[in-house]
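Visitor: I'm new to this structure and would love a close look at a single part. Could you choose one and walk me through it?

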Amino acid sequence: MSSPDPQVRAARNHSTSPAVRGPVVAVTGAASGVGALLTERLAASEEIKQVIAIDERRGECAAAQWHILDVRDPAIAEKLRGADVVVHLALDLDLETDPAARSAYNVRGTQTVLTAAAAAGVHRVVLCTSAMVYGALPDNELPLSEDAELRATAEATGVGDLLEVERLARRAPRAHPGLNVTVVRPGVLVGGTDTALTRYFESPRLLVVAGSRPAWQFCHVEDLCSALEYAVLEKVDGELAVGCDGWLEQEEVEELSGIRRMELPSAVALGAAARLHRIGLTPSPAGDLAYTMYPWVVSGSRLHDAGWRPQWTNEEVLAELLEEVAGRHTVAGRRLGRKDATAAGAAGATVALLGAAAVVRRARKARRRI
């Protein structure tokens with residue numbers, strides 16, 4: 001007789017294992033990305049009693065109890081009954097998504113999950129935003145503490161949504177007494193991710209804005225999941241920053257990657273980025289450039305004080321990122337395939353023309369002053 005399917009066997013073993021006293025954890029966005037990795041991790045943990053997986057499609061974790069629905073549906077409250085902790089990971093930060101639709105999904109989804117969790121008697125919600133909410137500014141301390149002011153603006157991809165999620169997190173305990181909210185803020189996330197910052201390394205040259213002071217701190221998705229597990233198990237709470245220890249200077253990144261820089265004046269780089277985004281040639285607004293210009297490195301002291309340590313170094317994560325993006329080609333933030341050859345030429349020409357025009361204008365102004 002053939003042996004049972006591995007997923008069936010896993011579910012059977014999970015259901016017949018000795019009773020676990022740990023929490024029942026619900027994960028939204030559980031079918032893909034970080035949500036799928038965390039669901040598998042929690043389902044395999046002896047410290048977790050049960051995992052409730054919520055998404056618009058069923059994922060691969062057979063040991064979880066699945067509910068298929070949109071997180072904006074108020075019916076989610078019924079699905080959360082019996083859960084002790086909710087980890088909300090159903091966020092859309094896709095570069096190609098319409099910004100208005102993306103914001104409507106992210107904000108409404110977070111509002112609904114927080115309200116539903118309180119109604120269902122859940123005592124803790126864990127939200128995941130990004131260290132980008134601190135803002136990338138020339139006067140940022142290296143590293144930033146978790147208590148540093150959130151000085152980001154809504155000019156970069158998805159950051160406006162994340163700032164609104166942070167606002168909802170601060171307001172929720174006041175609106176729902178007894179509900180504890182923990183916020184986890186990872187650095188540049190790597191490991192099957194696609195963001196403006198990972199696409200930066202798909203370019204033939206690393207754009208460096210003259211006079212800027214980049215500092216790169218990465219966060220591998222495995223380290224993010226282990227940090228989220230710490231929050232789930234209440235080993236740490238509050239506002240948590242997570243990433244590799246330390247950071248890499250731009251020169252180190254260039255040496256490790258073997259990719260040479262292309263240095264442009266600030267006015268040229270920002271002006272070209274804004275123009276290309278405005279005419280629809282690139283998905284990234286000019287605000288994304290700030291995160292490649294100025295530091296937004298975090299200390300992660302609260303997780304460290306609780307005993308958590310990253311398993312990946314910045315050098316290791318950068319190496320994995322470079323392996324992931326090998327063979328991909330991006331021009332000004334837009335990923336290009338074979339069918340985009342014509343567009344690639346147009347985009348490259350546009351960048352060159354805009355840059356050249358800006359340089360000519362600056363030269364002319366300088367001559368007039370003489």
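Guide: Let's start with α5, which lies across β5 (124-128) and β6 (180-186). The helix runs at about 155 degrees to β6. Angles here go from 0 to 180 degrees between N-to-C directions, with axes fitted to C-alpha atoms, for helices over the stretch in contact. The names come from DSSP runs numbered from the N terminus, helices (H or I) having at least four residues and strands (E) at least two. This is a predicted model, where local features need pLDDT of at least 70, side-chain atom pairs need 80 or more, and totals for chains, interfaces and linings use all residues. Residues are numbered from 1 along each chain as its sequence is written, and side-chain values use heavy atoms, leaving out hydrogens and water.

A second helix to look at is α2, which lies across β1 (24-28), β2 and β4 (85-88). Its direction is at about 165 degrees to β1.

Now for the sheet that these strands belong to. Seven strands form an open sheet, and you can follow them in the order β3-β2-β1-β4-β5-β6-β11, with parallel pairing. β3 and β11 (239-242) stand at the edges with a single partner strand each, so one side of each has no neighbour in the sheet. From one strand to the next, the twist averages 20 degrees.

Take the β3 edge. Here β2, residues 50-55, pairs with β3 in the parallel sense over 4 bridges; to count as paired, two strands need at least two DSSP bridges between them. To see one of these partnerships, find I54 and look across to H67 in β3, its bridge partner.

Stepping off β3 (65-68), you enter the loop that leads to α3 (76-79), and D70 is found there. Setting aside residues up to four places away in sequence, D70 touches E56 and Y105, where touching means heavy atoms within 4.5 Å.

Two other loops beside the sheet deserve a stop. The loop between β5 and α5 holds P143, and a cis peptide bond joins L142 to P143, with omega at about 0 degrees. In the loop between α7 and β11 sits E234. Although E234 is not a glycine, its phi is positive, at about 60 degrees. For background, most residues other than glycine have a negative phi, and most peptide bonds are trans.

Finally, both helices we began with help to line the largest pocket. A pocket is an open set of points on a 1 Å grid over the protein atoms alone, where a 1.4 Å probe fits and protein lies on both sides within 12 Å along at least five of seven lines; lining residues have an atom within 4 Å of a point. In this model the largest pocket has 41 lining residues, and L91, D92, L93, L189 and T193 lie nearest its centre. Two or more lining residues come from each of α2 (33-43), α5 (159-175), β7 (188-190), α6 (196-199) and α7 (221-232). Of these, α2 gives the most, with 4 residues. So as you turn the model, look at α2 twice: lying across β1, β2 and β4, and contributing to the pocket lining.
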